[in-house]
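Here are some short exercises to work through at your own pace. Have the viewer open, try each task, then read the solution.

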Amino acid sequence: MGVDDSLLSNGRKCANFRLCKLSNYTSEILEIQADDPSLHVLFVPGNPGVILFYKDFVEFLYELLGGTASVTAIGQVSHSRKDWEHGRLFSLQEQIDHKIDFIKEELQDIEIPIILVGHSIGSYISVEMFKKSLKKVKYCVGLYPFLTLNPHSRAQLIIAKIAQSQIVAAALSYLTASLGLLPVNVLRFIVKKSLGKSWSSSAVEAACSHLSQYHTMRNVLYMAMTEFKELAETPDWTFLRERKDQCAFLFGVDDHWGPLQLLEEISKQVPGISLFIERENHTHGFCCTEAGSLWVAEHVANLIKNHMVSTNQ
């Protein structure tokens, strides 16, 4: 697959940002509406679920689908710039329910097929959404999927211990929030030097505006705690077998969230399901670079196009 590098330099349609009141919760939305769409792609982020990290990806995906699909990306509740929910913490299950409600409340009346695309824990959320929206959802793509715990990951063990301690989680959130008191230019410099040496400008801005908020970091860690509890269970192989022709997963070569051992297990448990490996060194956080966003967007666009051709034959 040759990546269309021209999209990196040429102008593209910008995603619109808006706030959406959904089940009494304020949600951050990025979207591009097509004039006459034949599909609606609904994207679910990972954790952190700051939707602005995926701005480049959303815009690239829209362009690569040739304006035939509307693309909507919905952030995780309270992974937001402002503390709309007044300090409330949201579990993985509540985030799943929130996304299911989005389909019920925002997309219920559309008659075109819905395609779900999820990143990391967003892949797990997307599968759960698929179960509840079988009539409307026609295809589900998981990117660098976090579907079950990886007992060999030291990073997961450390994050789990931090998330499980309210004292440590609160202290870390306060420490991160203290960075938000710095002048914007100083904070941007720190993020670029510590996290985002190769990050896109939109990813750096998302980190500065959202991850420096106490309520966001507390929700990131609380959601992570509930993820580790929920994903201790075995994946729902029965559902994936039933819908194997409507699901696809993209794995990274060195990704502890979705290791290649998981790919092998899925291949064994669900023979015939579409599985792919990204070997371009874009990493789990593909959305933080323009090159990674473009490569993954082209992969997803090709999957969607091929699936629609096969189902229309």
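Contact here means heavy atoms within 4.5 Å. The model is predicted: local features need pLDDT of at least 70, side-chain atom pairs count only at pLDDT 80 or more, and totals for chains, interfaces and linings use all residues. Residues are numbered from 1 along each chain as its sequence is written, and side-chain values use heavy atoms, with hydrogens and water left out.

**Exercise 1.** Find the partners of Leu143, leaving aside neighbours within four places in sequence.

*Solution.* Step one: select Leu143 and look for contacts, which include Phe43, Phe57, Val117, His119, Leu250, Phe286, Val296 and Val300. Step two: place Leu143 in the largest nonpolar core, where Leu143, Phe53 and Phe57 have the most contacts among 50 residues. Such a core is a set of buried Ala, Val, Leu, Ile, Met, Phe, Trp, Tyr and Cys residues joined through side-chain atoms within 4.5 Å. Step three: note that helix H12 (residues 290-312) gives the most to this core, with nine residues.

**Exercise 2.** Is helix H2 (residues 55-64) largely enclosed or not?

*Solution.* Eight of its 10 residues are buried, so H2 is largely enclosed by the rest of the structure. Buried means under 20% relative accessible area, with a 1.4 Å probe and protein chains only. Helices are DSSP runs (H or I, at least four residues), numbered from the N terminus.

**Exercise 3.** Describe how H2 packs on H12.

*Solution.* Their axes, lines fitted to C-alpha atoms over the stretch in contact, lie 8 Å apart at an angle of about 40°. Residues in the contact include Phe57 and Leu61 of H2, and Val296 and Val300 of H12.

How values were computed: Helices (H or I, at least four residues) and strands (E, at least two) are DSSP runs, numbered from the N terminus. Axes are lines fitted to C-alpha atoms, for helices over the stretch in contact, and angles run from 0 to 180 degrees between N-to-C directions.
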